[in-house]
Amino acid sequence: MNVQTQIKRTAAEEALLAAFAERGTKLPGDAKVAERREEAVLLLQRGLPNRKVEAWHYTDLRRLLSAVPSFDAGGPAAPRAPLLEGSFVLPVLNGVATPPLAIDGVAVSKVADRLADGSLAPLLRLEGSDDTVSAINAAFAADGFVVDVPAGAEVAAPIELQNIQAGGQVHTRFAVTVGEGAKATFVERQAGEGDAFVSSVSHLQVEDDAEVLWLILQEQPEGANHLGRISLTMGKRAKVTLFVMNSGGKLVRQELRIVAEGEGSELRLRGVNLLAGDTHCDVTMVLDHAAPHTVSTETIRNVVTGRAEGAFQGQIRVARHAQKTDAKMACNTLLLSDEGGFSAKPELEIFADDVACGHGATVTEIEADHLFYLMARGIDEKTARGLLVKAFLAEVVEELENEQMVDALEARLNTWFAEHG
Amino acid sequence: MPAVQETIEQVRRIDVDQYKYGFETLIESDKAPKGLNEDIIRFISAKKGEPEWMTEWRLAAYRRWLTMEEPTWARVSYPKIDFQDIHYYAAPKGMTGPRSLDEVDPELLRTYEKLGIPLREQEILAGVRRSGEPSTLDGDGASDNVYQSGRVAVDAVFDSVSVVTTFKKELAKAGVIFCSISEAIREHPELVRKYLGSVVPPTDNFYATLNSAVFTDGSFVYVPKGVRCPMELSTYFRINERNTGQFERTLIIADEGAYVSYLEGCTAPQRDENQLHAAVVELIALDDAEIKYSTVQNWYPGDTEGKGGVYNFVTKRGDCRGRNSKISWTQVETGSAITWKYPSCLLRGDNSRGEFYSIAVSNGHQQIDSGTKMIHLGKNTSSRIISKGISAGRSNNTYRGQVSIHRKAENARNFTNCDSLLIGNDCGAHTVPYIEAKNSTAKVEHEATTSKISEDQKFYVMQRGIPEEEAIALIVNGFVKDVIQELPMEFAVEAQKLINISLEGSVG
């Protein structure tokens, strides 16, 4: 009958709740923050989402997150050399932010302090019953950085936010505001060692006429479980390029929550997902076109080898008043292994009539004709395949205007191929 | 533009008359008492004179159904259905199954004539009443349609019973069995037992399970080995009685090398309350067989305020069981207050092919959540999905489809194209495809677009002296052309007209 039986909690669910019971009171934050944390735990008490929860259709977190480690990292973590030379580096090591660096005109503070005074409490709010990444993070978030780029400023060098751990459990927050007309480049670096359990939530508020390039580089070791989320809000005529590259981790969920709030704002989202071994990688995007004349393009390219499983869910919503929206999304996958798999769910949800929206999704093996073309010119099969896969991905990488960044990313593609190609 | 405004007004005035099949047949009927329990199921089973195994099959489904919950994942909203407030069986008095036409209540024959479905074979064959000739009955009766071409055998289902099946003898000559499912359970139990529930198991989903417990009538088709069915087969469903649900069950089997084309039509009277229609359709294609299934769904959609209309919760699934088999679904959805329907193909046999062509038009307060599933299991299987959604008024139209390439489905191929057209600013169009590939030799392509009729297109047509409303109809017809082409010819004409009627009054 329709009687809801008490859910039997999994080991991971038990461990998360036990950890909160033990640590909850010791985490930084005033009464308001504590209240938000309680709300988050309430959601966790209802259990982790399984595939019946639509937003988690391809990532059964309840099943896949089999255990969570203790908070003890087991060793020190060291900051990494920045991706782009000359960057300002702001590292969070084993969940603790290092003393903030002085950056010209840019205000940087520690999340721990801003939780203690309660000023970050509103950011810990959840966005619905399936917002599990935010919930896990909100319950345990202890540190990170708050960065404010003032109006009109043009930051001289990229700012690299690093979240590095040596193992254990880490829950980090970043909150970045880019003021009116300002320009800045950010690299969000997720890396470490060991079988860590990491959650990292970033907030990026881009004000009117500001321009931002934000690169997420997730290169966790193969034993780590990583739950990431970025929540991006764009003001009028704001221009944002969001680039996501996933090339590691065991269980990876990267959520991209974007609201084009200001009229005339433009988003360019590019993603490269390199999946090998036993990785399960899920990139889930929800994009709201909430104002007229907003433009967005999304291109996601995936390469699947080994026993890896990948998923992309991309939902574009167009509000009733968001007339003249132009949104185009493509998700292309090269499935190179019969043991791997890829699932795509590109969704359109449209309430305005004067729009041009489209999406495309493909899953294929390398085109035999292309391979033949190269091999007919005396290139051996392995090299030819490598060239074609690289060309498939480079197309997306090379769209970036920042040459230094293109070089750095292509170097990473090469390293990955050397290992998994 | 005053001229256009005038047209809109005109259309608004005739609004309610748009649904021309909304009349009611006043006929006495036998009904089971309201509500659902094991006794009702035994009652239905007894009425149909079913063997013991069938009754048990139904009861097992019912017991299972009690443990299930109504699905809520579709993008449709409606007040909770009280399943105890429905008559699960209603039949014109004295009717328990098809019989000779002389015994059928003339009121019923009149109904079908009004709907444009002639049931008297000799009349159809002799062309007694040619199209255009005034009907012997009053009122404007039948229009030209596929049913009068003389090339279609019809099984007419009225509420819970099949009234008559035409051309049975002629079909029997070719070895084709075409009868109501109740008759098949009695006459051909070996076939029914072998195939019933083998594509949509009784435990499949909430509505399919309910259907398995209480289904009342529907059609049964068996095309033997190597036979190409000599004419189009068709079932015409009519809900008439108040507070009833219609639970039809259709089972079509194409044996090795057989071919059959099947059409389904449906209408219901205009009423303020909602009516439930939960059907299950199972298709089975064996080696080298082909089944073509076309639907023009025109249940009463409710009035302009969104009051009344049919809830259409349907499970349709085809099983390409044999090698080189092919199943093709074509649907034109213009009716129903709520549609929840995903005609699917299980591509089990090597080299089998599934096709899905759909036009879904929603206007007023209609809600459509429809699409397909293509499950590739065999080698070299291919599928093609073309879906065209048109939303107008305050309606919501969702395409929800799944393409799944399983591990062993080598060289599977899929192409999907779903386009949505929005007319007006109070409606919504949504696309939710699920694409899953687990074999590297698979080739899956999906594309979707959403747009409105562009000013340029409209200007181009209107510039040539065509009024706005007609211009829109013309553009819409162009938009849906890919699908219309897949329909049998006479059906295509009807579908085109239907789309135009459905969109009337949506310009503004």
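**Figure 1. Long-range contacts in chain B.** Among contacts in chain B between residues at least 6 apart in sequence, 84% link residues at least 24 apart. The model shown is predicted. Chain B holds 13 helices and 25 strands. Of its 508 residues, 62% count as buried. The accessible surface of chain B is about 18900 Å². Carbon and sulfur atoms account for 48% of that surface.

**Figure 2. The annotated span of chain B, residues 237-479.** An unreviewed UniProt entry places the feature "domain: SUF system FeS cluster assembly SufBD core" here. Strand makes up 55% of residues 237-479 of chain B, and helix 8%. The C-alpha atoms at the two ends of the span lie 28 Å apart.

**Figure 3. The interface of chain B and chain A.** On the chain B side, 37 residues are in contact with 40 residues of chain A. The area buried between the two chains is about 3100 Å². Of this area, 43% comes from carbon and sulfur atoms. Asn425(B), Ile435(B) and Ser440(B) lose the most area to chain A in chain B. Together these three residues give 18% of what the chain B side buries.

**Figure 4. Polar contacts and salt bridges between chain B and chain A.** The interface has 23 residue pairs in polar contact, with both residues at pLDDT 80 or more. Two strands of chain B each supply at least two residues of the side that touches chain A: strand 24 (428-437) and strand 25 (443-452). Four salt bridges are found across the interface of chain B and chain A. A salt bridge joins the side chains of Glu309(A) and Arg407(B). The distance there, N to O, is 3.8 Å.

**Figure 5. The surroundings of Gly22(B).** Gly22(B) sits in a loop of chain B, between helix 1 (2-14) and strand 1 (29-31). Gly22(B) counts as buried because its relative accessible area is 14%, and the cut-off for buried is under 20%. Neighbours within four places in sequence aside, Gly22(B) is in contact with Ala268(B), Pro269(B) and Gln270(B).

**Figure 6. Gly22(B) and Arg249(B).** In sequence, Gly22(B) and Arg249(B) are 227 residues apart. In space, the two residues are 24 Å apart, C-alpha to C-alpha. Gly22(B) belongs to the loop that follows helix 1 (2-14) and leads to strand 1 (29-31). Arg249(B) falls within residues 237-479, the span that the UniProt entry annotates.

Terms used: Residues are numbered from 1 along each chain as its sequence is written. Chains are lettered from A and ligands numbered from 1 in the order in which they are written. This is a predicted model: local features need pLDDT of at least 70, side-chain atom pairs count only at pLDDT 80 or more; totals for chains, interfaces and linings use all residues. Side-chain values use heavy atoms; hydrogens and water are left out. UniProt positions are given in the numbering used here, feature names are shortened, and annotations may be inferred rather than shown by experiment. Helices (H or I, at least four residues) and strands (E, at least two) are DSSP runs, numbered from the N terminus. Buried means under 20% relative accessible area, exposed over 50%, partly exposed in between (1.4 Å probe, protein chains only). Contact means heavy atoms within 4.5 Å. Accessible areas come from the Shrake-Rupley method with a 1.4 Å probe; for residues, only the protein chains shown count as cover. Buried area is the accessible area (1.4 Å probe) that two parts lose on being put together, summed over both. A polar contact is a pair of N or O atoms within 3.5 Å; within protein, one must be able to donate a hydrogen and the other to accept it, and residues adjacent in sequence count only if both atoms are side-chain atoms.
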